[in-house]
Amino acid sequence: MYPIHRNRRLRTNDSIRSLVRETTISPNDFMFPMFIAEGTNVEIPIPSMPGIFRRSVDLTVKEVKELWSLGIKAVNIYVKVDDKLKDNTGKEAWNPNGLMQQAIKAIKDAVPGMIVMPDVALDPYSVYGHDGIVENGEIINDATVDALTLMSVSHAAAGADFVAPSDMMDGRVLAIRKALEESGYHNVGIMSYSAKYASSFYGPFRDALDSAPGFGDKKTYQMDYANRIEAIKEALDDVAEGADIVMVKPGIAYLDIVREVKNAVNVPVSVYQVSGEYAMVKAAAERGWLDHDKIMIEQLHCIKRAGADLISTYFAKEAAIILNK
Ligand code: PBG
């Protein structure tokens, strides 16, 4: 008998393909990253991220209502603060009336069901554009962690559901968990950027926030893209320190890491399909070299197949519109 296996039998038509399909995606899987600007009625397009804007709080709220109506349940929030508010301590980061705190409050007031996950890292507030406090050209760990705990508690006070430390300092998850507990925010969760690589895929994001490091790079805290083992260690450490969700970032080029982390931990794994990944698809589609919608939907399936339980993606809205059809 030849061939022994006719594997194509399960691919014969759309019905059988649907029946044996292993991975499905829905708007419930997505988190939408949003950039916040000062002012009112402000909407600034980000040239390297077509379709993505930096918006003032009022227009952000409008957008969040639309996302909610499309079935999107979470937003990741990043702010661009005025240069004159930046210093080396990052103290604007825990200003109770700061831009981030205002945004969190406004979103939760308008759409209470939306899970709001502000970014916790000092780079938008740092004169050096680094995620931590700088001393003699070095990013110092423990003083930065102290600042991150103040920042996290102020996000919780503003109404954040989760805080999302993206700074890659050591010990920050435990310190943040402890500070949240001590302040009575038992139900505020931590989504930790656990395996965050020092990646050139973040370029458009840094354009969006004007947050490129002023000197050097982020390789003393973000991970070497050549490494795998430390990603597992970072994720396990963060779970042990109290992270509710661990993240791998970037996405598509790091799906081997996603799968390994997924197999290693007993908490949900999120994946950040980052700005550069978005930009590549947009650029190729603009030239007519790739089919935008098909590539977008395929990539989201692949990220989920690799092991993502949640996906932070700039495609969230466009993908939700297609999936809701
Ligand atoms: C900053 C932060 C970055 C991203 C998320 N949080 C940039 C960086 O680490 O330099 C990148 C996200 C993206 O590229 O979409 N702590």
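Select Lys196 to begin: leaving aside residues up to four places away in sequence, Lys196 touches Ser166, Met168, Gln222, Met223 and Lys249, where two residues are in contact if their C-beta atoms, placed from the backbone, lie within 7 Å. What you have open is a predicted model, in which local features need pLDDT of at least 70 and side-chain atom pairs count only at pLDDT 80 or more, while totals for chains, interfaces and linings use all residues. Residues are numbered from 1 along each chain as its sequence is written.

**The two lysines**

Lys196 lies in strand E9, residues 189-196; here helices (H or I, at least four residues) and strands (E, at least two) are DSSP runs, numbered from the N terminus. Lys196 is buried, because 27 other C-beta atoms lie within 10 Å; a residue is called buried if 20 or more other C-beta atoms lie within 10 Å of its own, exposed if 12 or fewer, and partly exposed in between, with C-beta atoms placed from the backbone.

Now add Lys249, which lies in strand E10, residues 245-249, and which is also buried, with 24 other C-beta atoms within 10 Å. Not counting residues up to four places away in sequence, Lys249 touches Tyr193, Lys196, Tyr197, Tyr272 and Val274. An unreviewed UniProt entry lists Lys196 and Lys249 under "active site"; UniProt positions are given in the numbering used here, feature names are shortened, and annotations may be inferred rather than shown by experiment. Although the two listed positions are spread over 54 residues of sequence, they cluster in space, with a largest C-alpha distance of 4.9 Å.

Stay at Lys249 and look at the bond that follows: a cis peptide bond joins Lys249 and Pro250, with omega of about -5 degrees. Pro250 itself has its place in the loop between E10 and helix H8 (255-264).

**The ligand shell**

Next, select the residues around the ligand, which are Asp119, Ala121, Asp123, Asp131, Ser166, Asp167, Tyr202, Phe205, Arg206, Lys218, Val274 and Ser275; a residue is near a molecule or strand if its C-beta atom, placed from the backbone, lies within 6 Å of it. By class, this shell has four nonpolar, two polar and six charged residues, where Ala, Val, Leu, Ile, Met, Phe, Trp, Tyr, Cys and Pro count as nonpolar, Asp, Glu, Lys and Arg as charged, and the others, Gly among them, as polar.

**Backbone details worth a click**

Most residues other than glycine have a negative phi, and most peptide bonds are trans. Met168 has a positive phi of about 70 degrees although it is not a glycine, and Met168 is found in the loop between strand E8 (162-165) and helix H5 (172-182). Met168 is buried, with 24 other C-beta atoms within 10 Å.

Asn41, also not a glycine, has a positive phi of about 55 degrees and lies in the loop between E1 and strand E2 (43-45). Asn41 has 8 C-beta neighbours inside 10 Å and therefore counts as exposed.

Toward the start of the chain, a cis peptide bond joins Tyr2 and Pro3, with omega of about -10 degrees, and Pro3 is found in the segment before helix H1 (14-20).

**The core and helix H3**

For the interior, select Ile36, Val75, Ile77, Met117 and Val261, the residues with the most contacts inside the largest nonpolar core, which has 97 residues; such a core is a set of buried Ala, Val, Leu, Ile, Met, Phe, Trp, Tyr and Cys residues joined through C-beta atoms within 7 Å. Val261 touches Ala195, Ala231, Ile232, Ala235, Val246, Val248 and Val269, not counting residues up to four places away in sequence.

Then select helix H3, residues 99-110, whose buried members are Leu99, Met100, Gln101, Ala103, Ile104 and Ile107. What covers these buried residues includes strand E1 (30-37), helix H2 (57-69), strand E4 (74-79), strand E5 (115-120) and helix H4 (141-158).

**Last stops**

Asn136 has its place in the loop between strand E6 (133-135) and strand E7 (138-140), and with 5 C-beta neighbours inside 10 Å it counts as exposed. The C-alpha atoms of Asn136 and Trp68, 68 residues apart along the chain, are separated by 46 Å.

Finish at Tyr185, in the loop between H5 and E9, which counts as partly exposed with 18 C-beta neighbours inside 10 Å.

How values were computed:
Expected span 1.5 Å × (residues − 1).
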